[in-house]
Amino acid sequence: TRHEHLSIFPAAAVAASGKIAVDGDLSDWKRDAFIFLCADPQLRDVYAVRFAAAYDDQGLLLAAEYTDPTPLVNHTDPGIEPEKGWNGDALQVRFITDPRLPRPLPTELRGSDKIVHFTMWEFSDQQLPALHACYGLTYDRAVVKTGAASGLAFRKTATGYTLEARIPWELLKARPAPGETWRMTLQALFSGADGKAGHNFFDFISSVGFQYQTVDGWGDATFVKPAEVATALDRK
């Protein structure tokens, strides 16, 4: 189900009842805002994600509903090894927040803070939400936030779990104009009951590869103008 493009909607336009609360309950998102992601149709009932994104004055909103037979298993302690939050059940999203950065990316821009990576997980030993942010393909200038400060909420469901996030524009170091398109990619990661990394897949890509090594295969994301929401939903 590979996609090259994500629509990021005005939050008010995809809120089921006027407002989205970041609490892990995705019922306040309109169902048609979500896009279905999986690596293999034969695994759609085992490893899959329904994903949506929105924006408002404060920042970026993300919602993910995981199909996962062993949900929320990640033993990475954000106080000890926050850079390894990917090693378990987790979500990673990456953005280039400056549409002017060229493709392919010149070597001298690999360290740009316009390239930002987010890893989101729940430290299952303490049921502690954790967010790791870093910048450039140098993966430095790290910021780690946990608990309420992470802007994350998780809930177990009958078929897996949900993740909901609010990422402030300050962490993205940019604020898009409606209609602007950024490059982006996503990686969904799944662990087994033992907490060891297992199944994973990339989406929102223009070519296959290890998207954490280069930005040249990333897809794109458009911050939909309010007047164009209906068209974007129809196109999704």
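Strand β12 gives the largest share of the lining of the largest pocket, with four residues coming from this one strand. The structure here is a predicted model, so everything that follows is read off computed coordinates. Strand β12 covers residues 197-203, and the other elements that hand two or more residues to the lining are β5 (90-96), β6 (115-123), β7 (128-135) and β11. In total, 18 residues line the pocket. Those that lie nearest its centre are E83, W86, Q92, R94 and T119. As for what the wall is made of, nine of the lining residues are polar, seven are nonpolar and two are charged. The space inside comes to about 290 Å³.

Next, the aromatic side chains. Searching the whole structure turns up 13 aromatic pairs. One of them is Y55 with F223, an edge-to-face pair with 5.5 Å from centre to centre and 80 degrees between the planes. This contact ties together distant parts of the chain, given that Y55 belongs to strand β3 (residues 48-55) and F223 to strand β13 (residues 219-223), 168 residues apart. Y55 has a relative accessible area of 11%, so it counts as buried, the cut-off being under 20%. F223 is buried too, at just 1% relative accessibility.

F223 also pairs with W182. Here the ring centres are 4.8 Å apart and the planes meet at 70 degrees; angles over 60 count as edge-to-face, so that is the label for this pair. Once again the contact bridges distant parts of the chain, with W182 in strand β11 (residues 181-191) and F223 in strand β13, 41 residues apart. Both W182 and F223 are buried. F223 therefore has ring partners in two other strands, Y55 in β3 and W182 in β11.

Elsewhere, ring pairs join up into a cluster made of Y47, Y66, F154, Y161, F190 and F201.

Rings also turn up underneath charged groups. The charged end of R50 sits over the ring of F34, at 4.2 Å from the ring centre. A lysine does likewise at another spot: the charged end of K173 sits over the ring of Y135, again 4.2 Å from the centre.

Note on methods:
Residues are numbered from 1 along each chain as its sequence is written. Side-chain values use heavy atoms; hydrogens and water are left out. Rings of Phe, Tyr and Trp (its six-membered ring) pair if their centres lie within 6.5 Å; planes under 30 degrees apart count as stacked, over 60 as edge-to-face and the rest as tilted. Buried means under 20% relative accessible area, exposed over 50%, partly exposed in between (1.4 Å probe, protein chains only). A charge sits over a ring if NZ of Lys or CZ of Arg is within 6 Å of the ring centre and within 35 degrees of the ring normal. On a 1 Å grid over the protein atoms alone, a cavity is a set of points where a 1.4 Å probe fits but cannot get out, and a pocket is an open set with protein on both sides within 12 Å along at least five of seven lines; lining residues have an atom within 4 Å of a point. Grid points are joined across faces, edges and corners, and a volume is the space filled by probe spheres set on the points. Ala, Val, Leu, Ile, Met, Phe, Trp, Tyr, Cys and Pro count as nonpolar, Asp, Glu, Lys and Arg as charged, and the others, Gly among them, as polar.
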